[in-house]
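Work through the exercises below with the sequence and the model open. Try each task before you read its solution.

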Number of protein chains: 2
Amino acid sequence: MKATAKAHTNIALIKYWGKRDETLILPTNNSLSLTLDGFYTTTTVQFREELTEDVFFLNDERILDEPYRRVSAFLDLIRKMALREGSYAEIHSNNAVPTAAGFASSASGFAALAAAGSRAIGLKLSEEELSRLTRQGSGSACRSIYGGFAEWQMGNEIDGSDSYAVPIAPQEHWDVRVAAVVLSDVAKDVSSRAGMKRTVDTSVFFDSWVNSIPADLNEIKAGIMSRDFTKVGQTAEANCLKMHATTLGAAPPFTYWQDSTFTVMQTVRELRQQGIPAYFTIDAGPNVKVLYLPENEQQVQETLRQVPGVADVILSRAGQGISYLDEA
Amino acid sequence: MKATAKAHTNIALIKYWGKRDETLILPTNNSLSLTLDGFYTTTTVQFREELTEDVFFLNDERILDEPYRRVSAFLDLIRKMALREGSYAEIHSNNAVPTAAGFASSASGFAALAAAGSRAIGLKLSEEELSRLTRQGSGSACRSIYGGFAEWQMGNEIDGSDSYAVPIAPQEHWDVRVAAVVLSDVAKDVSSRAGMKRTVDTSVFFDSWVNSIPADLNEIKAGIMSRDFTKVGQTAEANCLKMHATTLGAAPPFTYWQDSTFTVMQTVRELRQQGIPAYFTIDAGPNVKVLYLPENEQQVQETLRQVPGVADVILSRAGQGISYLDEA
């Protein structure tokens, strides 16, 4: 009744941006990501007879409010699958995802929770089943089941049964790296969830965004297969710009970018003009992630560190999928 | 056979962004502008029997290459209308439009040229005829025939006969002001003409942009009529953001913005948070124009001057339409 799992966060190269069902977390388009070695969550779940409710520790601290409720509601799904309603667990979750890096720890968090929780309760889920379950905790987390490149297939069913991620290429396929550019003095005006909803509901560009995804996916998957860094980088960067353009067409319009976000984007373009292949991508916040190749690591890192408004640059390789850790 | 006309430039609040006919300069959407008192061109045209070609002076300097060819080609249109092919003119044009302010002097330039040239050759054109003629020199110039607010009606005819500007409200209607924020260290990667064409041809957002214009026009015209500054400002700013979003959806994507462009936009938002109504608009370049009301002039100006990367702030009131100057 006890299991420990480790899951890495992932960075979307083709963005998840818009829900068609808020409760089941069903997206309006397929998305594609790279799992990152440097950022992960390790979670232990132990079901214990004597408990009358779930008990959740995050980084060794007991949590009584959010995200406790969300974690417990997610365990309800697992209990229901295992026909074990009324069984409660002690959950210990440790994040190696620095908040400042601007990665959602919810991706690695819910992937690790789904893996440890389902195993602890005695379920033997396939990767597909695990991804589908994970999706209901946090949408983008469903891609973190796999290492390397993974695609979340949006599916068509109203119950979400065909909405889960599939592996595209394992991390051994290609040594592509990501620099997380940490900005100093970050203020977030619009939460990513509220911004996504406002964009879906009001942006004049939203339909065009959705319609443009299949071509981007074909392009980037061809690039991944042939290890064509230019193709992958250009497609990811263009996809990110389109996603952020949709917020400019919302009513009222808004942007997740800050001054220094813009400066980092310009710096990446300048790197390319100097012959260094590097491409940026940005999620629903001001931080920037930069894709690069191992041979350019030093120059990319040094250049980004010199940008005004940049507090830190954290490097990561491609990471592996879910792993289960033996108990001592 | 001699006439002098003065025309002011204008700033589009609903943007002209996309041509449906490159030669006749026919737009894909209506646009709406405010004519600006601070920036103008004065042009004298004199047809002289002894000339065998047009002679063009810009700011007292004889011009032999561009824009000479464009000016002479425009006089061809006037000669054709007057059935006076073979008559050539001496043209003296003086710009009070500082290049650094980022205003297209082509708007005031072609409006003044059309007015002085048509009068010098003996044509008596209505404002509608003058605007239609002016449009063929430079699209946005057709709005500079009028003072205050003017709308360029795109028209439907293939020959452009119904594509010209009409007055919406004279400058006496409302004392709205504009600060031209001059950025230091401006580098323009993509020319506005090339960028417009690339966007029309490739942007996934272009159709949505065009389809969103009628609602913006209704909104801003209602705001102008009722002197509702919030409505006019919000609509203009949102329209500008949509225009710039279309460039992010082009293939390859691009932007006219620079770091300091973004900083000025943030500063304007911060002014609003402090209770100062101010709204930005940006054309196909990095410079920013800020709309404000007379009572906030000092604070708007001081705040903008303190933004890093801002070299100068030039203020303007609403301007009048074409005027003809008596010869001494």
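Copies are superposed by least squares on the C-alpha atoms of residues with pLDDT of at least 70 in both. The model is predicted.

**Exercise 1. Relate the two chains**

Task: Find what rotation and what shift superpose chain A on chain B, and name the relation.

Solution:
- Step 1. Superpose chain A on chain B: the rotation is 180°, and the shift along its axis is 0.0 Å. The RMSD is 0.0 Å.
- Step 2. Name it: this is the relation of a two-fold axis.
- Step 3. Locate the axis in chain A. The C-alpha of A245(A) is the nearest one in that chain, at 2.4 Å.

**Exercise 2. Take the interface apart**

Task: Work out how many residues each chain gives to the contact, and which helices of chain A supply them.

Solution:
- Step 1. Count each side: chain A gives 18 residues, and chain B gives 18 residues.
- Step 2. Assign them to helices. In chain A, α5 (206-225), α6 (229-248) and α7 each contribute at least two residues to the side that touches chain B.
- Step 3. Rank them: α6(A) gives the most, with 6 residues.
- Step 4. Sort chain A's side by class: 10 residues are nonpolar, 6 polar and 2 charged.
- Step 5. Compare the surfaces. Of the interface residues of chain A, 100% are also interface residues in chain B, so the copies meet through the same surface.

**Exercise 3. Judge the fold of chain A**

Task: Decide how the radius of gyration of chain A stands against the globule rule.

Solution:
- Step 1. List the elements: chain A has 8 helices and 14 strands.
- Step 2. Apply the rule. It gives 20 Å for 328 residues, and the radius of gyration of chain A is 19 Å, which is close, so chain A is as compact as a globular protein of that length.
- Step 3. Add the outline: along the principal axes, the C-alpha atoms of chain A fill a box of roughly 65 × 45 × 40 Å.
- Step 4. Check burial: 53% of the 328 residues in chain A are buried.
- Step 5. Check contact range. Take the contacts in chain A with a separation of 6 or more: 73% of them join residues 24 or more positions apart.

**Exercise 4. Pack the helices**

Task: Describe how α7(A) meets α8(A), then find what the buried residues of α3(A) pack against.

Solution:
- Step 1. Set the geometry. The axes of α7 (residues 259-273) and α8 (residues 297-305) of chain A come within 10 Å and cross at roughly 145°. The crossing of α7(A) with α8(A) is right-handed.
- Step 2. Name the partners. From α7(A) come V264(A), T267(A) and L271(A); from α8(A) come V300(A), T303(A) and L304(A).
- Step 3. Class them: 4 are nonpolar, 2 polar and none charged.
- Step 4. Recall the helix repeat. An α-helix has 3.6 residues a turn, so residues three or four places apart point the same way.
- Step 5. Turn to α3 (residues 127-135) of chain A. Its buried residues include L130(A), R132(A) and L133(A).
- Step 6. Find their neighbours: the buried residues of α3(A) pack against α1 (68-81), α2 (105-120) and β9 (164-169) of chain A.

**Exercise 5. Check the unusual backbone**

Task: Say which peptide bond in chain A is cis at P67(A), and whether I25(A) and N59(A) are buried or exposed.

Solution:
- Step 1. Start from the usual case. Most residues other than glycine have a negative phi, and most peptide bonds are trans.
- Step 2. Inspect P67(A): a cis bond joins E66(A) to P67(A), with omega about 5°. P67(A) sits in the loop between β6 (61-63) and α1 of chain A.
- Step 3. Look at chain B: the bond from E66(B) to P67(B) is cis, with omega near 5°.
- Step 4. Read I25(A). Its phi is positive, near 55°. I25(A) lies in the loop between β2 (19-21) and β3 (26-27) of chain A. I25(A) has 20 C-beta neighbours inside 10 Å, so it counts as buried.
- Step 5. Read N59(A). Its phi is positive too, about 50°. N59(A) belongs to the loop between β5 (55-58) and β6 of chain A. N59(A) is exposed, because 11 other C-beta atoms lie within 10 Å.

Methods
Residues numbered from 1 in each chain as written. Chains lettered and ligands numbered in written order. Predicted model: local features only at pLDDT ≥ 70, side-chain atom pairs only at ≥ 80, totals over all residues. Axes fitted to C-alpha atoms, helices over the stretch in contact; angles between N-to-C directions. Helix = DSSP H or I, 4+ residues; strand = E, 2+ residues; numbered from the N terminus. Left-handed = near helix turned anticlockwise from the far one by under 90°. Contact = placed C-beta atoms within 7 Å. Nonpolar A, V, L, I, M, F, W, Y, C, P; charged D, E, K, R; others polar. Rg over C-alpha atoms; globule rule 2.2 N^0.38 Å. Buried ≥ 20, exposed ≤ 12 C-beta atoms within 10 Å, placed from the backbone.
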